[in-house]
Structure formats: structure tokens, C-alpha cells
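Please look over the sequence and the structure shown below before reading on. The report then takes up a few selected features.

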Amino acid sequence: MRKFQLFTASAIAMAVATPVYAQSAPAADDEQNYQSANEIVVTATRRDETVQEVPLAITAVGNELLQNAGVDDIRGLEQLAPSLQSSTGQSSATGTTLYIRGITTAGDNPGFEPAVGVFIDGVFRARAGVAVSELPELQRVEILRGPQGTLFGRNTSAGALSIFTAQPSFDFGGSVEASYGNYNAFELKGAVTGPVSDKLALRLDGGYRKRDGYIDDVNSDRSINDINRWYARAQALYDTSTFSFRLIGDYYETDENCCGAVSAVRGSLAPLINGIAAAQGRVGLYTGDPSDRRMAVSPNRDFSERVRDWGISGEINAELGDVKLTSITAYRNWRALRDQDIDFSGIDRAYRDGYRNRLVDFTQEIRFQGSAFGGALDWLIGGFYLNETNDLRDTVRIGNDGNRYVDSIFNALAGPSFGGSVQFFGSLGATVPTPGAVFLNPAVPNSPLAYQAVYGASLAPLVGCFRIAAGTAPAGTIPAATCTALGYSSTPVPGLAALAASALPGAAAGQGNNNDDFRVKTNAFALFTHNIINISDKLSLTLGARWNYEKKDLNATINNNTGSCTFFNQVRAGNAAATQYATLLRQLGLFNNLFLLSCNPAVNTEFNGSYTHSRDESKITGTAKLAYKLTPDVLIYGGYDRGYKSGGYNLDQATFDSVLLGGNGPQGSDLQFNSESVDAYEIGIKTQWGRAFTLNVAGFYQKFRGLQSLVFSGNNFVVQNVDSTTSKGVEIESIIQPIRDFTVRLGYSYISAKYDTSNNFTGTPLQGQEGRQLNNQPTNTVTIATTWTPRISGNIHGLFHVDMRYNSEVNIPSSNPDPVTGRTVLYNQGYPLVSARIGIQTADRSKSLEFFVENLTNQYYHITGFAVPEQTGNYAAYPGTPRFFGIQGRYKF
């Protein structure tokens with residue numbers, strides 16, 4: 001069935017736009033005077049070359065294809081590049097990740113730096129989410145696969161996206177573009193450019209986009225995952241024959257609701273959640289199919305997300321004799337403000353209110369480039385400096401149903417063992433006893449039968465000793481030595497009886513993080529060089545090296561006021577009554593779960609305090625490649641790259657360990673994680689037959705050490721540096737353009753990205769995943785983009801464009817894989833995503849009217865997923881977008 005889907009989708013992409021040659025033949029001059037899709041000039045090696053001349057794996061996408069594919073931001077690029085994919089978790093601002101060759105830095109935590117770097121007009125964007133902004137008119141996009149560092153300012157371990165926007169022009173012109181579609185989608189953007197003098201030109205770009213959400217809240221008339229954003233951008237270009245200066249200033253703003261997650265799999269606690277919600281006239285968990293894209297949200301909580309992003313950059317290019325100087329200076333200021341219903345249900349268990357993240361980056365890159373020895377050596381040396389301040393305020397707080405949820409869980413799971421019902425915080429009414437009250441009741445001589453079956457003969461002395469310690473049974477009823485051995489006092493402990501018989505202090509709504517503030521300051525320095533030795537006209541050797549030094553300083557202030565932590569603070573402080581009661585709860589197997597539910601690591605007051613920590617590291621990385629031109633149209637190459645990404649800090653108090661669970665208590669060093677490195681090997685061949693056809697094949701093998709993975713431990717999110725991970729595979733790309741008006745772009749990737757079997761994940765969140773494919777990474781991916789622009793009459797052309805991406809089956813982050821099927825609880829079967837455009841346009845594309853559709857077949861798929869915290873057996877998924885369609889008009893002047 002999946003093979004049939006792939007065949008059908010491929011046939012659509014190929015056949016819909018197949019040209020019919022009965023049209024009038026274009027003029028011969030037109031057939032000669034155009035730039036083929038196979039002739040896009042790239043600067044991946046800081047030299048103007050076509051893709052076919054560059055001895056590395058690179059995908060280049062030009063302006064025309066980007067428009068036809070409707071690429072609005074960097075996430076849209078994956079439809080055109082099989083080895084690239086994106087994922088968005090609980091936030092489009094802070095939870096977006098990019099993958100190249102199966103490798104990413106996953107996790108909704110801004111303390112993680114990207115494995116895939118994004119550079120816009122040469123300026124490094126510090127996080128993938130920061131780069132997910134509306135894009136103005138683009139010149140081209142270059143996707144570089146594999147480690148980067150000897151050519152770019154910021155080093156990356158998996159690859160890089162280099163995005164080039166349209167520059168100011170010395171010819172007056174501009175454009176206006178508008179579109180309208182389903183979900184009340186509307187977009188308007190435009191640009192104007194022109195000269196001020198023969199050496200100075202200006203350009204202004206701006207745009208606004210909105211769309212209703214596609215996830216419905218079953219408890220209200222709200223929709224989630226909407227779009228509401230705008231941007232403005234100004235450029236100035238001063239250009240002489242030997243000197244140019246490009247100044248860019250931009251501002252970007254969003255005010256949206258993101259990101260909703262649907263209930264995909266429900267466990268034993270689902271009826272309990274629905275019961276709590278139903279008592280208040282709400283739905284707890286929507287039980288329909290995930291493809292309905294409906295979820296339950298607490299009426300007093302939301303998913304609002306506002307982003308403000310602005311920056312300024314200046315690029316100088318100067319010819320100093322035979323040496324070219326390039327300097328790029330940039331300052332960027334990015335802020336996100338978020339609210340979130342973090343229990344992903346219709347009960348008000350917990351929420352975020354006013355979560356803030358701010359990134360301020362100053363970067364300076366400088367490069368000198370030239371040639372020597374009569375062109376035998378093309379050399380480049382450069383330096384890079386990054387100064388970054390990362391401020392985070394987390395605000396996880398307890399909702400109105402916080403105590404009720406904890407009590408309901410214990411009542412449902414442990415109540416039968418206590419004669420029918422039990423609670424800890426008194427939220428279920430005065431008639432429901434606490435466990436301590438049950439054990440102190442003289443009418444219950446040996447406690448409930450369920451516990452009698454577990455503890456057997458030992459239960460009677462346990463009950464007796466607890467009663468002696470509480471003062472409700474005479475001392476000496478049980479030998480003192482027996483009670484001491486069980487951990488109980490042989491004499492009455494003041495306050496124990498009252499503590500055990502009463503409800504514990506609970507959490508008031510709004511308690512929790514008030515607030516958790518983190519700041520990480522980063523100073524990074526690098527020197528790099530990239531040199532091409534032209535041994536002959538056909539043979540060249542590339543040697544590059546990079547020295548990295550990085551220092552990070554952490555300051556954190558944790559401030560929780562969670563009332564339900566009071567009892568556990570007393571235990572930790574050694575309060576005699578609390579310690580005795582805790583002993584009983586531990587022996588009954590209740591203590592740890594009660595602690596994790598009512599004093600969750602995310603809001604644990606044990607972690608209150610101020611913390612500092614610093615780390616610094618230096619690393620030398622490099623590259624070596626050999627390239628040989630078999631013929632002018634055939635290039636073979638092979639090489640080695642050493643890549644590296646620095647360590648950092650997980651900005652989440654849940655990373656601390658508690659002394660009550662056997663840890664040594666919170667320390668600043670608990671938040672740090674180590675660097676990752678990669679040894680990457682690649683061979684490839686690039687072939688070209690004139691302007692009409694190219695075929696490029698690359699094989700790669702990448703061994704990662706210390707791969708940074710954010711994983712859920714069942715109690716909290718932790719960073720696990722995986723000892724050994726291997727990504728290997730084959731990539732094939734081809735562009736066919738037999739005539740000017742017809743282009744087919746084909747891509748295929750086979751990627752085996754697995755945790756090595758040599759890892760030992762026993763006792764870790766990754767247990768059972770040794771030798772398994774990394775989550776969210778398809779083994780096989782196929783992309784096809786077909787464009788046909790036949791001449792209809794005179795200056796009018798038609799437009800028929802179809803693109804398709806097929807992903808083979810993948811596991812989605814959720815559970816450990818089934819040992820037999822290898823599947824996790826959440827997974828995607830193989831599926832295609834098809835998009836299309838049809839319209840008319842002028843020959844120069846200055847005027848066009850197009851109808852478009854994205855996700856033509858309305859295919860449902862999980863973007864990613866997770867095990868919902870505190871809801872054992874419940875799994876939620878972030879749903880892919882539904883079918884979008886509309887009409888778009890473009891006018892250029």
C-alpha cells in the first residue's frame with residue numbers, strides 16, 4: 001500500500017506537469033538566453049562556482065523554484081531537499097529543530113545550540129526557532145550537508161543552511177504580492193528598490209500574513225496553531241568597483257497561538273482525567289481520531305506566543321590589491337513571550353504564564369581571501385567572534401485542579417488497598433481518609449488486606465510500630481528492637497498522629513515557579529582557514545582547519561513557592577514526625593510517586609537558591625578533500641571532516657537531582673552537558689550533460705561522539721550525551737531541464753542514523769534503543785519538483801508546478817520501541833506530501849495569477865510527539881498541517 005502511495009504521488013508530480021509539445025515553439029534566442037536550473041552560482045566555498053564545481057554535498061535552490069513551491073520560511077525547504085527536515089514541538093519560537101542526514105539537536109529548550117546552522121546573508125542565527133521568520137524575496141538557498149567550520153563563522157556538526165536575500169538594485173523596481181485561502185488565510189507583501197546615485201541603492205521589503213488555527217479546542221470556540229505575523233526590512237548598498245558595503249536592518253513580530261498537541265494514545269489515567277473535567281462541564285481528553293485535529297484545553301489557559309525580533313548587520317567587501325577582504329558585523333535581539341497549557345488536557349493541572357526567552361547576539365566575522373603561486377593555491381583565512389546573552393524566565397505553575405488530580409490518582413490506584421478510598425491533600429472531601437488515618441484507626445488491626453498480601457507477616461509489626469511512634473498504641477506492644485529495625489521510634493513522636501491523620505498542605509493555584517531565571521553568557525572565538533591546492537587542471541586538494549575556544553557562564557535563580565512541597569521539605573530537614581510518616585509511605589511504595597506528583601522536579605522548592613557555573617573548552621577541527629575532474633562534466637571527490645559543537649547548559653530546574661530520591665541535591669554543574677564531535681567521511685560524483693541534465697551522488701559515513709539528546713526520564717527532562725551514534729547513507733539528486741520551460745528536480749536519500757549497538761542504555765531514558773533508527777528520521781526519502789511554463793500566446797505563459805516529498809516509516813518520540821516490531825507507541829507509516837500550483841504568468845514573471853494547494857491529499861501525520869508528563873500511558877502528538885489552498889497574485893515593476 002505504501003509503495004502504491006509513493007508510486008501514485010510520484011506519478012502525479014511527474015505527469016501533471018509533463019509538457020505537451022504541440023505548443024508554438026519558443027524563439028531560438030529565448031532558448032539560448034536563460035539561466036538553467038543547473039547553472040545556479042553558489043558561494044559555499046566563498047568562491048563563485050556552480051553546484052557541479054563544488055567538491056561537497058550541496059543543494060542549491062533558486063528564486064523561481066522557491067516561489068513555485070511557496071516557501072515562506074526555512075521549514076518549507078524540506079519539500080525540496082530529501083536530506084533536510086524540520087520538526088516543531090511545543091513552540092515554533094523555541095521548539096523548532098532542523099535535521100540534516102538524521103542529526104539534530106532536539107528538544108524544546110533554548111539552552112541547546114543547533115546542530116544545523118542557519119545563516120541569513122552571512123549572519124548566524126543562534127537558534128533554529130529564531131530563524132523561523134518570514135522570508136523576504138530570496139536570491140537562493142544553499143543547503144550544505146555535513147560538518148561545517150572552515151568556511152563559516154559559526155561551526156556546526158550536522159550541516160548549514162545559507163540563505164541569500166535579494167539585494168538593492170541600481171534599477172528602479174518593486175513588487176506587490178497578495179494571496180487568500182482557506183482557514184481565512186491572507187498574505188500581503190511587497191518590495192521597492194532603486195538607486196540614490198550611481199554608487200548607492202536602497203531596498204525596502206515588508207509583509208503581513210495571517211491564518212486561522214487548524215486545531216480546534218473542544219472546550220471553547222478557540223482555534224490553535226494560527227498565524228499572525230509581519231516584518232519590515234531595509235537595505236542600503238554602496239558599491240564601487242573595488243569596495244562595497246551592504247547595510248541591513250530588519251524587524252519581525254508575531255502574535256499567535258502555538259503549539260497545540262492532540263491526544264494520540266490514551267492510557268489508564270484517561271478516564272480519571274475525563275472524570276475530573278466532566279464534573280466541571282468540560283472534556284478532559286478528546287477521544288476521537290488525531291486526524292480530527294481537536295484537543296481539550298483548560299478554558300482559563302492558552303497557547304499564546306509572541307515574538308519580537310530585530311537586528312542590524314553590515315557587510316564590507318573590499319579588494320586590497322590581490323586580496324579580498326570580507327567583514328560581517330551583526331547585532332540581533334530576539335524575544336519570545338509564551339503562555340502554555342502544559343498538561344495538554346481540559347483539566348487545570350498545570351500551566352505556563354509569561355514564559356520569557358531573550359537572545360542577544362553580537363557577531364563579527366572577518367575573512368581574507370586570495371590566490372598565490374600563479375593560481376596553484378586559493379587560500380582563505382578568517383576569524384569569528386560571538387558574544388551571546390541568553391536570558392530565560394520559566395513559569396511552570398500549579399492550576400486549580402492540581403491537588404484534585406494528585407488525590408484522584410491515589411484514590412483510583414491505591415484507594416482499594418485502603419478500604420475503598422484515600423487521599424493526601426483533602427480535595428476529595430472530608431469523608432475520604434489519608435493513608436495515615438487508615439493506619440491509625442483502631443478498627444483496622446492489620447491495615448487493608450491488599451497491603452497484608454504484599455507485606456505478609458511483616459505488616460502487623462509495621463502497623464504496630466507506626467502506632468507506637470504516633471502515640472496511639474502503648475510503647476512495648478512490639479519490641480523496641482523490631483521497631484528500630486523498621487525505622488520507627490519506640491517512643492511517641494510529637495506531632496506524628498496529627499500529621500498522619502490530617503491532609504497534607506497542598507498547592508494553591510498559581511504556586512510554582514515564581515520565577516526561575518536563567519542567564520548564560522557565551523563568548524566564542526575561532527580562527528579558520530580553507531585552502532584549495534590546484535595540483536593540476538584536473539586534480540585539487542582542499543585542506544582546512546579551525547581552532548575553537550568557547551566560554552559559557554551560567555547564573556540561575558530558582559524561586560518556587562509550591563505549597564505541596566511543604567511535607568517533603570520537612571522530611572528533608574529531618575523533622576521527626578515527617579520522617580516517621582515518610583518511612584511508612586516508603587514502605588507502602590507511595591512516597592516516591594507522591595513526591596514526584598505533588599512536588600514535581602519542575603516546581604520543587606528544594607531547588608530554590610542561586611547557582612553559578614562556568615565551563616570553557618577549545619577544539620581543533622578541520623577538513624581534507626581530494627577532487628578530480630575525469631572530464632569537464634564529471635567530477636569525483638572524497639574527503640574527511642572533523643566537526644564539533646560545544647557543550648552548554650540545560651535551562652530547566654527539573655535537571656537538578658533531589659536528595660529525597662538518592663541524589664546529592666541541586667548544584668550548578670547539574671545543568672551542564674558536554675560537547676559533541678563527529679568524524680565524517682564522504683565520497684561523491686557530480687555529472688552534467690550540457691545544460692539539460694545533472695546527476696549527483698554522494699555517499700557518507702558519520703560517527704558522532706557525545707551526541708546531545710534531550711530525553712524524558714519519566715520524572716523530568718535530562719540531557720544525555722550518547723557515547724556513539726552513526727549516520728550513514730547515500731544521496732542522489734538530479735535536475736532535468738531539456739527546454740527552458742520544463743524542469744524536473746529529483747532527490748532521494750537513504751539515511752541510516754542509529755544509536756550504535758555498543759551503547760549501554762540500561763537504566764536510562766534511551767533503554768532499548770541501541771541499534772535503532774533515530775526517532776523522526778525516515779530511512780528513505782524521495783522528493784520530486786516539476787515545473788512547466790508553456791507559452792500560451794505572445795508574452796503569456798502557463799504555470800503547472802507539482803512537488804512531492806515521500807517519507808518512509810518513522811518512529812515518533814514517545815515510548816521505548818517494541819522489541820518485536822521495533823515501533824514506538826507513536827509512529828508514522830510512510831506517506832507522501834504533495835503540493836501544486838497552476839496559473840498564468842508573463843514570460844519575465846513580472847505578473848502572475850496562481851491557484852495553489854499544499855498537502856493536496858490532506859495527508860495526516862505526526863510532526864513529533866511525547867509521553868505526557870504525569871499521565872502514564874497518555875501520549876500526545878503535534879499534528880501536521882491539513883490541506884491549505886488559495887489564490888495568489890504577483891505584480892512586479
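What follows describes a pair of helices, a small sheet and a cavity.

This is a predicted model, in which local features need pLDDT of at least 70, side-chain atom pairs count only at pLDDT 80 or more, and totals for chains, interfaces and linings use all residues. Residues are numbered from 1 along each chain as its sequence is written, and side-chain values use heavy atoms, with hydrogens and water left out.

The axes of helices α12 and α13, taken as lines fitted to C-alpha atoms over the stretch in contact, with angles from 0 to 180 degrees between N-to-C directions, come within 8 Å and cross at roughly 105 degrees. The two helices are therefore roughly perpendicular, a term for angles of 65 to 115 degrees. Contact means heavy atoms within 4.5 Å, and the table gives the residues that make it.

| Helix | Residues | Residues in the contact |
|---|---|---|
| α12 | 566–573 | Phe 567, Gln 570, Val 571 |
| α13 | 576–587 | Ala 578, Thr 579, Tyr 581, Ala 582, Leu 585 |

Elsewhere, three strands form an open sheet of mixed pairing in the order β14-β13-β18, where two strands pair if DSSP finds at least two bridges between them. Strands β14 (223–224) and β18 (294–295) are its edges, each pairing on one side only. Between β13 (residues 215–217) and β14 the pairing is antiparallel over two bridges, and Ile 215 stands opposite Ile 224 of β14.

Finally, the second largest cavity (on a 1 Å grid over the protein atoms alone, a set of points where a 1.4 Å probe fits but cannot get out, with lining residues having an atom within 4 Å of a point) holds about 240 Å³ of space. Its lining has 26 residues, and Pro 147, Gln 148, Gly 149, Thr 623 and Asp 641 lie nearest the centre of this cavity.

Definitions and conventions: 1 Å grid on protein atoms, 1.4 Å probe; cavity = no way out; pocket = protein on both sides within 12 Å on 5 of 7 lines; lining within 4 Å. Points joined across faces, edges and corners; volume = space filled by probe spheres on them. Helix = DSSP H or I, 4+ residues; strand = E, 2+ residues; numbered from the N terminus. Parallel < 35°, antiparallel > 145°, perpendicular 65-115°, else oblique.
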